[in-house]
Amino acid sequence: MDTEFYRIKRLPPYVFEEVNRMKAAARARGEDIIDFGMGNPDNATPPHIVAKLVEAATNPKAHRYSSSRGVPGLRKALSNYYGRRFGVELDPEKEAIVTLGSKEGLANLAMAISAPGDTVLVPNPSYPMHAFGFVIAGANVRSVQIGPGIDFFAGLERAYQHSVPKPIALIVSFPANPTAMTVDLSFYEAMVDYAKKRNMWIISDLAYSEIYFDGNPPPSILQVKGAKDVAIEFTSLSKTYNMPGWRIGFGAGNPALIGALARMKSYLDYGAFTPIQVAATAALNGPQDCVEEIRQTYKSRRDVLVKGLQAAGWNIPMPNASMFCWAPIPERYAHLGSVEFSKLLLREAEVAVAPGIGFGEHGDNFVRLAFVENEHRTRQAVKNIKKLLASPSNMPESSAKAAAND
């Protein structure tokens, strides 16, 4: 029997797996690995949100099937959030949908709007689901390099002109994962104008809209006049309210795209557990001081990690948003590439990071560090990395200690 399944064959090996296996083996040996590898919030969900979940879960009626589009109260709460935060008016019936986290929304939208052979433009490096949601759906992905000093729109036009067939959609995400790059509203204005001229959809991932530190809050593409003609935007409660395991996200924007996603979801799920949706409503409608507290936690961790590594000689740019720093591999270790350098950090400094190659080929000169360890452990990680950077060895096969004893 053939086990070479079509969609599985289109997925490359999981590039983080080798580092993850090393991390698991080290922990099995009793080593205390300080883990910046996964963007998995480590602090508790605010108590008033948990209390609402508990309250709602005691109602037997809430244990029945929910709605795949999301309960009306939660869609209304999302619409009110867009009004408060961005000055954007949404119709909760036609322009808003609840998803099982933004990842599920992205993946099911890809299935809904693309066919085998379609082309989609995706920034590189980027969050893996931005590309692989469409790969799983059977579409072709064309990468557009993005980063400091890169003319993204020039690359976008080259990709468009050399794509056959012409692209149906473009994905953007700012603040970006993994690069922490941000843009202003003028970028989105140019993007909407470009998409309309090229007859493309825009899919915006705004998962880190509330995790910002310096300057103005990140904008939404839906603030652009006429954006809802071509754009859908995904948001999530995972980072904003420390709710990653709750799996609650949203889509907002173009009614046709929302309708396509809703139809796809109607075949695949009955929506999140109703008490979770009720608690998510309380999160959006309730006091927002917890959001500021979460933001300040990430800022403090950012400062300890980035400033500490800068002082240790690792020239890492200071991100002004997201829960990540995107760190160029130090010149001394640049020949290793991101996977071998990540293994070196794990082996010699007991620090886990995410290899940049996992976010696209243009990420191989970088590693990503997430602000998911407390300040005490972060300082210990900085100390360990500083010791590694000061060691005489730079060979991946040997340890710094062994080289020092030669």
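Questions on a predicted model

Biologist: Which residues does the UniProt annotation "domain: Aminotransferase class I/classII large" cover?
Modeller: The structure discussed here is a predicted model. The annotation comes from an unreviewed UniProt entry, and its span is 41% helix and 15% strand. The end C-alpha atoms of this span lie 14 Å apart. According to the record, the annotation covers residues 32-382.

Biologist: How many disulfides does the structure hold, and are cysteine 290 and cysteine 325 buried or exposed?
Modeller: A disulfide is a covalent bond between the sulfur atoms of two cysteines. To be counted here, a pair of cysteine sulfur atoms must lie within 2.5 Å, and the structure holds zero disulfides. Cysteine 290 has a relative accessibility of 8% and cysteine 325 a relative accessible area of 0%. Because buried means under 20%, cysteine 290 is buried, and cysteine 325 is likewise buried.

Biologist: How are the axes of helix α2 and helix α12 oriented to each other, roughly parallel or roughly antiparallel?
Modeller: Helix α2 spans residues 17-28 and helix α12 residues 337-349; their axes come within 10 Å and cross at roughly 10 degrees. Angles under 35 degrees count as roughly parallel, so α2 and α12 are roughly parallel.

Biologist: Which residues of α2 make the contact with α12?
Modeller: The residues of this contact divide into four nonpolar, one polar and four charged. From α12 come Val339, Ser342, Lys343, Leu346 and Arg347. Those from α2 are Glu18, Val19, Met22 and Lys23.

Biologist: What classes of residue form the contact of α11 with α13?
Modeller: Helix α11 (residues 289-311) and helix α13 (residues 375-389) have axes 9 Å apart and pack at an angle of about 10 degrees, and are therefore roughly parallel. Ser300, Arg301, Val304, Leu305, Gly308 and Leu309 of α11 meet Glu375, Thr378, Arg379, Val382 and Ile385 of α13. By class, the contact has five nonpolar, three polar and three charged residues.

Biologist: Is isoleucine 202 buried or exposed?
Modeller: Isoleucine 202 has its place in strand β6, which spans residues 201-205. Beyond residues up to four places away in sequence, isoleucine 202 touches Leu170, Val172, Met191, Val192, Ala195, Ile221, Val230, Ala231 and Ile232. Its relative accessibility is 0%, so isoleucine 202 counts as buried.

Biologist: How many Å separate isoleucine 202 and lysine 228 in space, C-alpha to C-alpha?
Modeller: In sequence, isoleucine 202 and lysine 228 are 26 residues apart. In space, the C-alpha to C-alpha separation of isoleucine 202 and lysine 228 is 9.5 Å.

Technical notes. Residues numbered from 1 in each chain as written. Predicted model: local features only at pLDDT ≥ 70, side-chain atom pairs only at ≥ 80, totals over all residues. Heavy atoms only, no water. UniProt positions renumbered as here; feature names shortened; annotations may be inferred. Helix = DSSP H or I, 4+ residues; strand = E, 2+ residues; numbered from the N terminus. Buried < 20%, exposed > 50% of the residue type's maximum accessible area, 1.4 Å probe, protein only. Axes fitted to C-alpha atoms, helices over the stretch in contact; angles between N-to-C directions. Parallel < 35°, antiparallel > 145°, perpendicular 65-115°, else oblique. Contact = heavy atoms within 4.5 Å. Nonpolar A, V, L, I, M, F, W, Y, C, P; charged D, E, K, R; others polar.
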